[in-house]
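Trainee: I would like to take a close look at a single part of this model, and I would be glad of one connected answer rather than scattered remarks. Please start from one residue and work outwards from there.

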Amino acid sequence: MLTSPSSSSTCDSFSSNFSPSLTNAFSCFTIPMGLKLSRKVIGARVFSRKVKDRSTLKVTCRRAQERVVEEEASTMTETKQSFKVSSGEVSPLGVSQVDNGINFALFSQNATSVTLCLSLPQSGKDDLIDDGMIELVLDPSVNKTGDTWHICVEDLPLNNVLYGYLVDGPGEWQQGHRFDSSIVLLDPYAKLVKGRSSFGDSSQKFAQFYGTYDFESSPFNWGDDYKFPNIPEKDLVIYEMNVRAFTADESSGVDPAIGGSYLGLIEKIPHFQDLGINAVELLPVFEFDELELQRRPNPRDHMVNTWGYSTVNFFAPMSRYASGEGDPAKASKEFKEMVKALHSAGIEIILDVVYNHTNEADDKYPYTTSFRGIDNKVYYMLDPNNQLLNFSGCGNTLNCNHPVVMELILDSLRHWVTEYHVDGFRFDLASVLCRATDGSPLSAPPLIRAIAKDSVLSRCKIIAEPWDCGGLYLVGKFPNWDRWAEWNGMYRDDVRRFIKGDSGMKGSFATRVSGSSDLYQVYQRKPYHGVNFVIAHDGFTLRDLVSYNFKHNEANGEGGNDGCNDNHSWNCGFEGETDDAHIKSLRTRQMKNFHLALMISQGTPMMLMGDEYGHTRYGNNNSYGHDTALNNFQWKELDAKKQNHFRFFSEMIKFRHSHHVLKHENFLTQGEITWHEDNWDNTESKFLAFTLHDGVGGRDIYVAFNAHDYFVKALIPQPPPGKQWFRVADTNLGSPDDFVSEGVAGVADTYNVAPFSSILLQSK
């Protein structure tokens, strides 16, 4: 055991007959546990704090100048357990198991006092907090090194202990501090987090978040034959999805105990294989508070944050994505089971991570759970008046390039790679990560460089959403060190505009489908550094893109003021749902056109969950707060579309996988593509055709897009010597003729391309 720096004494018992005059002699001591908290405690302060509607007794174990609280001795009960404390170790931050106990370490540069709060498991009881929390006040002369507060506690259970911190410091808001010593705060480095037990249970909306740990369970068994898929970036087809929404609907057919969980996702891996995707990009799976909008009366207090873009902690998997009750240790294990199963199926896992802000909101309606109360001035960007800067649109902005915060983010990323074996990350509003501590843009952000150069992260895909809510738009200009990929927002906009028939878009469309060389052909960047997408989680679904001219967000409670107004959508002649056969046929054709364009484009394609059957949100383009069928995958709809819409989408993905000319490693050269076009300057021309040449096998691919509202007779070029053209896809045809993987022979010298349709030919 450790001894005091000021004393050679070993730890002694702290008990009811201990003399307060001796307390200064010890830097480690034993605290009797198993008490039914007494009102006669030597060297301790007893008080109560309300948690929800319950009165929770707290015992603060003070190391010096304690006072005796005299009450009737009859309230005392016998002790059942004791533990010892010592000064502890400065690293690692968070909780760690050491030879002499459990070590707790917390960074706070500006705190003047830190108290560790513990709640121990009681036999046969589920609610630990009702049995009281022990509070250990850390002495800065013993339990602080530099800006890190630390303490080691012996004889603690190896799991099921809940913990948090009370932190106090300067009270001057005008100096940037937001300390509040009445709030038990979550450890930023907690590897497991205990919150409410059931997702979206409004009866638990005020549940507190506590750190916990599990040093007792055996290490996860990844298996002797386990291996990472290690898919080259040029070969990826990414499927953006939400873990809960994927199997939460009863139509999923999974056991209700695992609906909306990591295990539920495992049950549906065959769907990924049928579709042909080889990477899933999960909407946030870090611990978040889905009921944050319900904590006070407001226009959105009916909503449940089901997307998860409001991080509580950067290390812990979302506990309520575990099966059954929201057990954090179970969530950790089941997350690993999900990763293992995906990898076994040859599918990579990319996490959508939110390091640009946290759940703690703004100064008007603060929701203090961790960083704000631990050291607001370090963790958040502040303006010259020490008010929170808001480049995230969510009230606060994480101070990403502060050395301490940067190390927190790097430690978090490494943890997900080493502990959970994830294959990559998509960084939400990544332009925030390119800002200095004062919010100004940086040309060479230290954090972005560190992520690109980190050895642990070297095998990972790293993808930026290269913009933020402060106007820092970095598409094609994101600092990258030849490692970072980007969501190509210009691809989305230009492809949408061309396919729906906007004038003057042919040249831009050609640039996008050929790899966006105007954006990414610089230094050693590759076409796959542009992540191409037409649809993502925020905005219209693919079906809504062709069904609505305007957003319909009334259900969100903000009077339609939320969500993007500039969607580049076209309803094909009627706003919303219709029985008109002509309009429905045109919408089906347009959805296939978008998907065909995405799958023949150079770069990395990404599609959204549900677009493979035509999911609708009925025009809501900001559906983050609906834990309903509006977001949930509708498996019966999939079944109804399996032989037509789904079939086309799946076959097109598989065609991409099997044809290397659609996924070049490098940007196209003049000999690799021929544009069948002499009308580039005509802004009213909405027809584009080109041939991708296969220099080895002669399996050229010809593609034509007609965004006119009339037929275009296309001149088909001569196939390579000894070959002939076969029709593989024509979006104007019904299933199964719209896609024939082996091709249909008999293509003549001309092809009559229907209005708002596209064709794909292959030479054989």
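Leaving aside its neighbours within four places in sequence, which residues is Ser-310 in contact with?

Mentor: Bear in mind throughout that this is a predicted model. Leaving aside neighbours within four places in sequence, Ser-310 is in contact with Phe-288, Asp-289, Glu-292, Asn-305, His-357, Thr-358 and Asn-359. Ser-310 itself lies in the loop between S16 and H4, and because its relative accessibility is 4%, under the 20% limit, this loop residue counts as buried.

The two elements that flank this loop deserve a description of their own, beginning with the strand. Strand S16 covers residues 279-282, and its side chains divide into two sets, with Ala-279 and Glu-281 pointing one way and Val-280 and Leu-282 the other way, although all of them are buried. Such a division can be set beside a general rule, namely that in a regular strand the side chains alternate between the two faces of the sheet. On one side S16 is joined to strand S15 (residues 238-241) by 4 bridges, the two strands running parallel, and within that pairing Ile-238 has Ala-279 of S16 as its bridge partner. S16 is also joined to S17 by 4 bridges, again in a parallel arrangement, and here Leu-282 stands opposite Leu-351 in S17.

The other flanking element, helix H4 (residues 328-344), lies across both S16 and strand S17 (348-353), and H4 runs at about 135° to S17.

These pairings belong to a wider arrangement, a closed barrel of 8 strands that runs S15-S16-S17-S18-S19-S20-S21-S22 with parallel pairing. On average, and with direction ignored, neighbouring strands of this sheet are turned by 25° against each other. Further along that order, strand S18 (residues 424-427) pairs with strand S19 (residues 461-464) in the parallel sense over 4 bridges, and Gly-424 has Lys-461 in S19 as its bridge partner.

Two helices that can be considered alongside these strands are H5 (residues 371-379) and H6 (residues 403-418), whose axes come within 10 Å and cross at roughly 120°. An angle of that size lies outside the 65 to 115 degrees range for roughly perpendicular and is not over 145, so H5 and H6 are described as oblique to each other. Where they meet, Phe-371, Val-378 and Tyr-379 of H5 face Val-404, Val-405 and Leu-408 of H6 in contact, and sorted by class this contact has 6 nonpolar residues, with no polar and no charged ones.

A second buried residue can be followed in a similar way. Trp-635 lies in helix H13 (residues 635-641), and because its relative accessibility is 6%, Trp-635 counts as buried. Not counting residues up to four places away in sequence, Trp-635 touches Phe-246, Thr-247, Ser-251, Ser-252, Lys-268 and His-271. With Phe-246 there is a more specific approach to record, in that the side chain of Trp-635 reaches the backbone oxygen of Phe-246 at 2.9 Å. The C-alpha atom of Trp-635 is separated by 9.0 Å from that of Tyr-613, a residue 22 places apart from Trp-635 along the chain.

For contrast with the parallel barrel, one may turn to strand S30 (residues 757-763), in which 7 of the 7 residues are buried. Both faces of S30 are covered, with Ser-757, Ile-759, Leu-761 and Ser-763 on one side and Ser-758, Leu-760 and Gln-762 on the other. Strand S25 (residues 701-706) pairs with S30 in the antiparallel sense over 6 bridges, and Ile-701 has Gln-762 of S30 as its bridge partner. Strand S27 (residues 725-730) is likewise antiparallel to S30, over 5 bridges, with Leu-760 in S30 as the bridge partner of Ala-729.

To place these details in the whole, the protein chain has 14 helices and 30 strands, and buried residues make up 61% of its 764 residues. Among contacts between residues at least 6 apart in sequence, 71% join residues at least 24 apart.

Key:
Residues numbered from 1 in each chain as written. Predicted model: local features only at pLDDT ≥ 70, side-chain atom pairs only at ≥ 80, totals over all residues. Heavy atoms only, no water. Buried < 20%, exposed > 50% of the residue type's maximum accessible area, 1.4 Å probe, protein only. Contact = heavy atoms within 4.5 Å. Polar contact = N/O pair within 3.5 Å; in protein donor to acceptor, adjacent residues only side chain to side chain. Pairing = 2+ DSSP bridges. Axes fitted to C-alpha atoms, helices over the stretch in contact; angles between N-to-C directions. Parallel < 35°, antiparallel > 145°, perpendicular 65-115°, else oblique. Nonpolar A, V, L, I, M, F, W, Y, C, P; charged D, E, K, R; others polar.
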